[in-house]
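Me: Please take me slowly through the nonpolar interior of this protein, with each term explained as it comes up.

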Amino acid sequence: MKMVDWPNWLFGGLMIRSEKHFARGSSAKTDKNGSTMEDQEALDLAADWADISQGLRKDLGQQMHSQWIKPIQLGSFCKQSGTLDLFLPTEFSANWVQDRFHDRLSLAWKIARSEVKNVRIQVHPGRRKMADLNLGTAQSAQRHAANDRMQGRDSLSDNGFISSVGLDPTLTFAAFVTGTTNVLAFNAAERMAKVEKPQFSPLYLKAATGQGKTHLLHAIGHAYLQNHPKARIFYCSAERFMVEFVQALRQNEMIEFKARLRGFDLLLVDDIQFIIGKASAQEELLYTIDALLAEGKRLVFAADRAPQALDGVEQRLLSRLSMGLVADIQPADIELRRAILESKLTKFAPLEVPSDVIEFLARTINRNVRELVGGLNKLIAYAQLTGQDVSLQLAEEQLTDILSANRKRITIDEIQRTVCQFYRVDRSEMSSKRRARAVVRPRQIAMYLAKVLTPRSYPEIGRKFGGRDHSTVIHAVRLIEDLRQRDADMDGDVRSLLRQLES
């Protein structure tokens, strides 16, 4: 008989699991309070799920586990039928986990709990299903268009396509703040929306979460409609595309789906990294790209990674995604973060935000632009609702969660190394007794940066610089602060070092 090679984690803790369940069962029987027994049952289920989830993480890998297993929420367990419900946030993710992990999850639960006979995977009842994309039959498209007209939205034609479907009116090119880290993507996006045919298509926007790629997608849609008033555009996420594709496949409406999808003049697809798994959906997207490009239509995709780094996507589709221009949006540097904050302040006028608060936010909230703007909004909302003035102290008190998440641990050793490389001095000079100006000034700058970028006290900093007294460090910090105000070259050097250390 053929032996099945099951993952080790399924059986590694079986003896312990059995003993734990025996203990749970005996204690539950002696509990006379029904609600307490239910609470204990819920705790036991949570403990089992924690063990199973940890085992799956080791078996599947961190990335696959984080994307598909971690979002699973425990539902109810019916003892009579032995059915356990597992919930996922979207229909797409529920279908994906059902197709690929149902057997594995069922086996793990049956080993952990013998009373589990069936594992049911479904969408969380509290989550709304996705709205239709008007890609079904002509009759359903006309019904949606009629509803949209009743709600005051404009329809450009009689075929049911809505010009502004899914576009946020606030996300325009005028509202996008540019800097050295995003200017390439911005210029490419503007070119894609112009009347003239772009030199490249598709445009692929690559950026980490919260850096502005979705903003540019929406801005392209708005600008394209201004330049092509009767154009038909389609904006959606890759997940939504796959859901609608599966629905059309099940309802035998693929001909209508293809015809309508290929009738758009501009295709905007966000989060393309989720176009994984379903080979048929990838193939349909591939054919759609080919058909639209052959007709001179425009396509824009956005993702958090480069095309070559997409998982579970076939090579032909990867080739189409990367055949145009791949525009990378780098994390915003401190100059761009300052400019973004300044641009957002106009909508809060006449409320005043001190410059030191802007500098503090720009320097400390550096993970992504979305968090930066969110921190400013939270700070101003709190000040307005409580009648307080916006101040540096208020920012430190009210934004502790955002600040702690963004805080990068910079060490004094790292500061000394960076300063020595910048000024081309030997690392040993940071601790030496030499008083030459070419050595003293870099040492003082390193002390200043150590105080600004680390939580170390003056005595602790002094010890890292050859056992110097804390008064020496205080003198260095005050001196560099003063020089930055009077000497533009000194201020430029310090800003450059700050960028290097915070990047």
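What follows is a close look at that interior, and then at one helix.

Reply: This is a predicted model, in which local features need pLDDT of at least 70 and side-chain atom pairs count only at pLDDT 80 or more, while totals for chains, interfaces and linings use all residues. Residues are numbered from 1 along each chain as its sequence is written, and side-chain values use heavy atoms, leaving out hydrogens and water.

The largest nonpolar core (buried Ala, Val, Leu, Ile, Met, Phe, Trp, Tyr and Cys residues joined through side-chain atoms within 4.5 Å) has 54 residues, of which Leu-105, Trp-109, Ile-272 and Phe-301 touch the most other members. Helix 5 (residues 91-112) gives the largest share, nine residues; a helix here is a DSSP run of H or I with at least four residues. Because domain 1 (37-123) and domain 2 (173-328) both contribute residues, this core lies between them; the bounds come from an automatic or database domain assignment.

Leaving aside residues up to four places away in sequence, Phe-301 touches, among others, Leu-203, Leu-205, Ile-272 and Leu-321, where contact means heavy atoms within 4.5 Å. A second, separate core of 29 residues includes Leu-205, Ala-231, Leu-266 and Ala-327.

In helix 10 (residues 254-261), Met-254, Phe-257, Arg-260 and Leu-261 are buried, meaning under 20% relative accessible area, with exposed over 50% and partly exposed in between (1.4 Å probe, protein chains only). Seen down the axis, these buried residues fall within an arc of 135 degrees, so they line one face of helix 10; the arc is taken from the directions from the helix axis to the C-beta atoms. The face turned away from that buried side carries the exposed residues Ile-255 and Ala-259.

Technical notes: Helix = DSSP H or I, 4+ residues; strand = E, 2+ residues; numbered from the N terminus.
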